[in-house]
Amino acid sequence: MSVTPAAPILELRDVRTHFPVERGLLLKKRVGTVKAVDGVSLALARGEVLGLVGESGCGKSTLARTIMGLLPATEGSVWLEGKNITATAPAGEARRALQMVFQDPFASLNPRINVAETLAEPLRVHRLRPAAEIPARVAELAALVGIPARNLSKYPHEFSGGQRQRIAIARALALEPRVIVADEPVSALDVSIQAQILNLLAKLVRELGLSLVFIAHDLSVVKHLSDRVAVMYLGKIVELGRAEDVIERPQHPYTRALVSAVPRPDPDGERARRRIVLAGDPPSPLNPPSGCPFHPRCPHAQDRCKTTVPPLAAFEGREAACIRLGEI
């Protein structure tokens with residue numbers, strides 16, 4: 001008997017987020033378009049951690065804000081539990097089900113209110129708890145992320161970076177979401193603190209049944225936490241598959257270059273590592289190249305790569321956007 005696969009909890013269908021470039025003060029004239037996200041299709045299963053990686057400027061954060069409704073999608077749609085939430089910013093139940101953890105908790109937390117008020121505010125706004133029950137729920141949220149109850153009266157500036165990120169995670173959990181989008185939540189932290197926050201996220205995903213979109217530029221961090229990995233370049237997904245497959249056996253030339261830059265912990269492995277240094281800088285999303293967006297920097301590019309836009313194609317258990325799959 002065939003089993004019907006479960007519907008994804010979050011799905012992106014050909015999402016594009018473009019920004020017009022204009023000149024002039026009074027009579028503004030459109031002179032170009034920044035294609036920050038340019039046709040991304042992804043699906044997130046229930047309880048899954050999807051890692052999203054790529055160089056700075058590839059569109060990861062723009063995609064995160066588009067998912068959240070903080071930026072409007074130019075084209076395409078975002079579906080949450082079978083409902084299209086693209087037309088308007090998520091509201092009500094959809095807003096509660098979809099929460100975000102930002103990169104810099106010092107910027108995302110209100111410096112004028114203490115931790116207790118920070119965690120109580122979403123409960124009051126969405127009327128999830130009677131007023132008498134809010135203090136107990138606040139203490140529960142703080143304990144869930146490892147913040148002692150005695151610190152609830154403190155303000156954000158009185159905490160370390162790792163503690164502030166724990167508070168930001170607790171605030172995201174206050175509305176009992178089913179999906180969390182974490183935009184480089186550990187990149188601003190010390191390495192030892194990064195491990196603590198990663199272990200906390202893994203614990204919360206496991207115990208609360210959360211689905212997580214985890215954005216980072218460090219492949220070793222992504223491998224530690226993610227079930228699948230999507231590699232993004234110039235607003236497009238160029239490789240997608242199981243974390244182990246993508247990181248241990250990359251197929252796209254860009255993914256190979258990213259993986260080759262990751263230091264190895266053992267001396268013998270580090271000496272054997274062969275770094276792939278890409279020529280030039282990433283092209284501007286204001287004027288992307290024709291054909292394959294990676295061809296100006298690809299060491300394996302041919303003339304046909306300059307004119308053919310490669311789709312994501314299945315290859316050896318994952319998907320990759322390269323017309324030379326199996327040849328290189």
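Here are a few exercises on a predicted model, each with a worked solution.

**Exercise 1. Two unusual backbone angles**

Work out where Arg 127 sits and whether Arg 127 is buried or exposed.

*Solution.* Start with the backbone: phi of Arg 127 is near 55°, a positive value in a residue other than glycine. Most residues other than glycine have a negative phi, which makes this one worth a look. Next, find its place: Arg 127 is in the loop between helix 4 (115-125) and helix 5 (134-144). Last, check the surface. The relative accessibility of Arg 127 is 75%, and exposed means over 50%, so Arg 127 counts as exposed.

Now do the job again for Glu 184: where is Glu 184, and is Glu 184 buried or exposed?

*Solution.* Phi of Glu 184 is near 45°, again a positive value in a residue other than glycine. Glu 184 belongs to the loop between strand 7 (179-183) and helix 7 (191-208). Its relative accessible area is 10%, and the cut-off for buried is under 20%, so Glu 184 is buried.

**Exercise 2. A glutamate in a helix**

Describe the surroundings of Glu 140: which helix holds Glu 140, and which side chain makes a polar contact with the side chain of Glu 140?

*Solution.* Locate it first: Glu 140 lies in helix 5. With a relative accessible area of 46%, Glu 140 is partly exposed. Then look for a partner: its side chain makes a polar contact with the side chain of Arg 137, at 3.0 Å. For a sense of scale, pick Ala 182, which is 42 residues away from Glu 140 along the chain; the two C-alpha atoms are separated by 21 Å.

**Exercise 3. A hairpin**

Say how strand 1 and strand 2 run, and how many bridges join them.

*Solution.* Strand 1 covers residues 10-23 and strand 2 covers residues 29-44. They run antiparallel, joined by 12 bridges. To see the pairing, go to Leu 12, which stands opposite Leu 42 in strand 2. Finish at the turn: five residues lie between the strands of this hairpin, and Gly 24 takes a positive phi near 100°.

**Exercise 4. The nonpolar cores**

Find out which residues touch the most other members of the largest nonpolar core.

*Solution.* This core has 56 residues, and those touching the most other members are Ile 169, Leu 173, Leu 212, Phe 214, Val 229, Val 231 and Tyr 254. Zoom in on Val 231: leaving out residues up to four places away in sequence, Val 231 touches residues including Val 53, Ile 237, Val 246, Tyr 254 and Leu 258. Apart from the largest core lies another, of 30 residues, among them Leu 52, Ile 67, Met 68 and Leu 240.

Methods
Residues are numbered from 1 along each chain as its sequence is written. This is a predicted model: local features need pLDDT of at least 70, side-chain atom pairs count only at pLDDT 80 or more; totals for chains, interfaces and linings use all residues. Side-chain values use heavy atoms; hydrogens and water are left out. Helices (H or I, at least four residues) and strands (E, at least two) are DSSP runs, numbered from the N terminus. Buried means under 20% relative accessible area, exposed over 50%, partly exposed in between (1.4 Å probe, protein chains only). A polar contact is a pair of N or O atoms within 3.5 Å; within protein, one must be able to donate a hydrogen and the other to accept it, and residues adjacent in sequence count only if both atoms are side-chain atoms. Two strands pair if DSSP finds at least two bridges between them. A nonpolar core is a set of buried Ala, Val, Leu, Ile, Met, Phe, Trp, Tyr and Cys residues joined through side-chain atoms within 4.5 Å. Contact means heavy atoms within 4.5 Å.
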